[in-house]
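The exercises below ask the reader to work from the coordinates towards a reasoned description, one step at a time. Please inspect the structure before reading each solution.

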Amino acid sequence: MYVQTKKELLDYIEQCTMDFQTEALHRYSANYISREKNISRNLVSQYLNELVKEGILIKINSRPVYFMHRKSLERLYDVKVTKSLFYSIDELMEMLLRSDYCQKDFGKAIGNQLSLSYSVEQCKAAVRYPPFGLPILIVGSTGTGKSYFARLTYEYAVNNKLIDAASNFYVINCSEFKNDSDKLGRLVFGENQDGEERKGMLEMADGSILFFDEVHNLAPDFQERLFIYMDNGRFQRIGEKDRWRASSARLIFATTKKPEEALLKTLLRRIPFVTQMPDLEERSLNEKEELIIFFLKKEAKRIGREVYFSRQVLNILLNYVYKENVGELENVIRMSCAAAYLNSTDDVKLQIMSYHLPATLLSDIKASVEVEDGKEPLIYLADFQRDVSMDRMTSLFDDLLNTFLKYAENEISFEKFLEAGMEHIYAYYDYIVFERCYSDVKVKAIIKVLSSVFEEITDKYAVVIPANCGFVLSRSIYTITQFYASLELWEKRRLEDLNHCLEWLHSKLPQETAVAAEVSSAIKGNLDLQLNQISEIFLILNIKAYNRKLELNDTLGIIISHGYSTAGSIADTCNQLLHFNIFNAIDMPLDTKVSEIALKLKKYILGHAGYRNILLLVDMGSLEEIGKELEDIPNIKIGIINHISTQLVLEVGSRILQRQPMDKYLEEVCKEVHSSCKIISTERKIPTILFTSELGNEAAERIMKLFQHGFSEKRHINLVLYDYYELLKNQEIAQVFSKYHIVCVVGTLDPGFKDVPFISLDDLVTNKGTAYLEKIFVPYLTKKEIDFLEEKIVENFSLQNVVESLTILNADTLLSFVVNAVKRLQALLKCDLNNKTIIGLYVHICCLVERLVTKAVIEARPGEKEFIRKEKQFVSYVNSAFREIQQHYKIQLPDGEIVFLYEYISHNEE
Ligand SMILES: Nc1ncnc2c1ncn2[C@@H]1O[C@H](COP(=O)(O)OP(=O)(O)OP(=O)(O)O)[C@@H](O)[C@H]1O
């Protein structure tokens, strides 16, 4: 039931659309409606978008966005509005006014824009060809709509004035003349023999269309006679020797056989257009649903009743495989309506339930039809909203790409993009899993292939691809194949954005890309299905999302439970509710030994290196023993919690997301639910060098990069970047030390940790730093490694190199200005600064100039104003020494920086 406000908005839009005027489009914008109805703009927009998703409104994505009532437009223009999203009002108007969309000739055929679009184009081209059109052969299994198409071609020719309105559509069913070719000859060409003189159908159809159905029954001599007519438009009546007659009848042929089996090569050569009608099973579910509704409406009209049907009926009709295609579907619906009609005592309503369907359908229900008759209210045919799946899908895809564009334009961060992107993906998954009903057989086949693909890839790359991913991905792949043609159109329109997005993802998430590529090629190999670009984007984001959360919170949660799929389903439910993939699952058959599980677990944990905490959630006391078997995995903390339930897992999950320490939440949660837990710590903190700089993280990172050259790929020492000012906060220091074993700090200013050595940048530049390298690194590196580090530091930490790596400005020019400024300052101050101070000043000033040039924010120093007032002499020296630099780079030294120089120089002796 709609809330009142939503209903009010819907009524308003319906009213406005009934009086649709392109000159007054403003009435359809959310802003205008919000003012008119005195409802907040946000709420209006939310409800209108919901109504679009429900298929009741259409949306024009122009600026501003407009919303209109679908049914009112359909009534007004007598057309079927087949989509919910338009990119401009012109696109909508073109659709409303273009004859193709109107329900005339081909416009009536379900699928004319999709699975039948090529056939429509061919029939049109054939009949339009001047002067009298070209013959066309329509090929297809029985009931695919060949005769229907032949007739629509005729209607199209009349509607487009290619043939006269008074013309006719003549049909000859060749199977009736299978054994009497002469009779057919006389019927078609006429006769003039034995005193009988009669016009044939070719003559009668002059200016009309002559349709030969089931042409594979035509005898060769008849075919020969016919192709003479096809060559020059002339023929002879049977029995006439000297007289040639002319006709401009256009010919259409149809057959259920292959063309080369149906007709002589010589005749076939004269038919330039051969079109293939698809089997019903090859067409999309959406089209199948449209056909069902179309035929139900046809019957409702015929019997003059209001038709209602159950969801079960629709599902069975959708899932049944009709060997005789559309024709059989139409028959089935007619028979079902007839059965319901016979049972019915109501003069107004007709209710179709599953037991009204023909027995063949009921006995052949392979599909898992989840909803039973009577469990849901019946669907009223006249209110049935056609499934706007395609629009729903593309609008979700659009949302995803638009969010990406926001990221590309720096409006949101990468994390935010991933988060929002996943929201769109979850919405899409909800839709395909909960709202669509699929033929189980096909989807199951895809799931089967995917699960083996995933298993292999999970092992190979040590990534997490949870059980439900295969489930939704298989449905997604199936959906995409169902909507292939329309998706192609959408992809074409957004090709540039798709490419842009993929390029970004490839460069930002190379590992996820590699895994996705592997999945994609396995799908291609196994299912012969090429994933399209949007699916690739989905896959990369999925892999990232499922693996990202684990990285973020440092905790790998593993549920181990007895039974066939208990652990899996608890993990899936909790991950979905938490919107994060925290938990993985190991299901263990009842007869599995703890040691077997431990082995599996160990392999799994080692494959997911990088987690500091492993949380095992088990269902039986005996499993607590598992922890012991894992004690030899270094540097992890293993928490084990017993007697789990979904609620307990959820509670733990939300605390993990709040980044609470494991010891704390385990203790609290266990107390609450009277469960037991224990923690085994195998932690050996990794030795770490901390890089930090009061000049900012960027400077620290550049120093770290220079340092990195001194280590081989497989170093046993961590290099970690840390914000200087955060480091000074007490709590942060505590965290840093609890997390890392800090070997030394490297940076531009000593943060002053008592027990940790500090290597300053100027020490490194003046090569002093290398003197204590050995002292610091002996416990962690071999002699050879220390020598290598020293060599690389000498090589990389030349002043030129440091300045080059610290700034984007031309290092030569900048350095020469800075050297001069520092020299002049020393002269003015009449002091000799020591080497260390000079290098420190060089580095600091170079970075400062860059920050001023790039207009980075420089924080004020406390008491700076007072200093400037008091130390006038020093300020004037600095300004004089730095005049050239300020003029050249058009910058002004901030007061706080003058204070810094003063303090830095004051510490010269130290
Ligand atoms: N695209 C369509 N939209 C709506 N109705 C259709 C469509 N295709 C076929 N039909 C209907 O399905 C029924 C079967 O179609 P039709 O008789 O043209 O099939 P056919 O291929 O000629 O079959 P056969 O080979 O048995 O002669 C017809 O009633 C036709 O109106």
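**Exercise 1.** Which residues line the second largest cavity, and which element gives the most to that lining?

Solution. The model is a predicted one, and the second largest cavity in it is lined by Ala126, Val127, Leu134, Ile136, Thr153, Ile209, Arg250, Leu251 and Ile252. Assigning these residues to elements, one finds that α7 and β11 (250-255) each supply at least two of them, and that β11 gives the most, with 3 residues. Sorted by class, the lining divides into 7 nonpolar residues, 1 polar and 1 charged. The space enclosed there is about 40 Å³.

**Exercise 2.** How many cavities of 30 Å³ or more does the model hold, and what lines the largest cavity?

Solution. Rolling a probe the size of a water molecule over the atoms shows where empty space is left. Applied here, the count comes to 2 cavities of 30 Å³ or more, and the largest cavity holds about 50 Å³ of space. Its lining is made up of Glu694, Thr748, Leu749, Asp762, Gly840, Val843, His844, Phe900 and Tyr904. Both α38 and α42 supply at least two residues of this lining, with α38 giving the most, namely 3 residues. By class, the lining of the largest cavity comprises 4 nonpolar, 3 polar and 2 charged residues.

**Exercise 3.** Describe helix α38 by its span, and decide whether it is largely enclosed by the rest of the structure or not.

Solution. Helix α38 runs over residues 835-853, which amounts to 19 residues. From its first C-alpha to its last it reaches 27 Å, close to the 27 Å expected at 1.5 Å a residue. For the second part, a residue counts as buried under 20% relative accessible area. Of the 19 residues of α38, 16 are buried, so the helix is largely enclosed by the rest of the structure.

**Exercise 4.** Where do Glu214 and Lys890 lie, and is each of them buried, partly exposed or exposed?

Solution. Begin with the backbone: Glu214 has a positive phi of about 55° although it is not a glycine, and Lys890, likewise not a glycine, has a positive phi of about 50°. Next, place them in the chain: Glu214 lies in the loop between β8 (209-213) and α11 (220-232), while Lys890 lies in the loop between α41 (883-889) and α42 (895-906). Finally, consider accessibility, for which the exposed class begins over 50%. Glu214 counts as partly exposed because its relative accessibility is 23%, whereas Lys890, at 72%, counts as exposed.

**Exercise 5.** Which two residues does the cis peptide bond between Pro130 and its partner join, and in which loop does Pro131 lie?

Solution. The cis peptide bond joins Pro130 and Pro131, with omega at about -5°. As for its place, Pro131 lies in the loop between α7 (117-128) and β4 (136-139).

**Exercise 6.** What is the strand order of the open sheet of 3 strands, and which strands stand at its edges?

Solution. The order is β14-β13-β15, and the pairing in this open sheet is mixed. β14 (349-352) and β15 (379-380) stand at the edges with a single partner strand each, so one side of each is left without a neighbour in the sheet. Looking at one pair in detail, strand β13 (residues 306-309) is joined to β15 by 2 bridges, and the two run antiparallel. Within this pair, Phe309 has Ile379 of β15 as its bridge partner.

Definitions and conventions: Residues numbered from 1 in each chain as written. Predicted model: local features only at pLDDT ≥ 70, side-chain atom pairs only at ≥ 80, totals over all residues. Heavy atoms only, no water. Helix = DSSP H or I, 4+ residues; strand = E, 2+ residues; numbered from the N terminus. Expected span 1.5 Å × (residues − 1). Buried < 20%, exposed > 50% of the residue type's maximum accessible area, 1.4 Å probe, protein only. 1 Å grid on protein atoms, 1.4 Å probe; cavity = no way out; pocket = protein on both sides within 12 Å on 5 of 7 lines; lining within 4 Å. Points joined across faces, edges and corners; volume = space filled by probe spheres on them. Nonpolar A, V, L, I, M, F, W, Y, C, P; charged D, E, K, R; others polar. Pairing = 2+ DSSP bridges.
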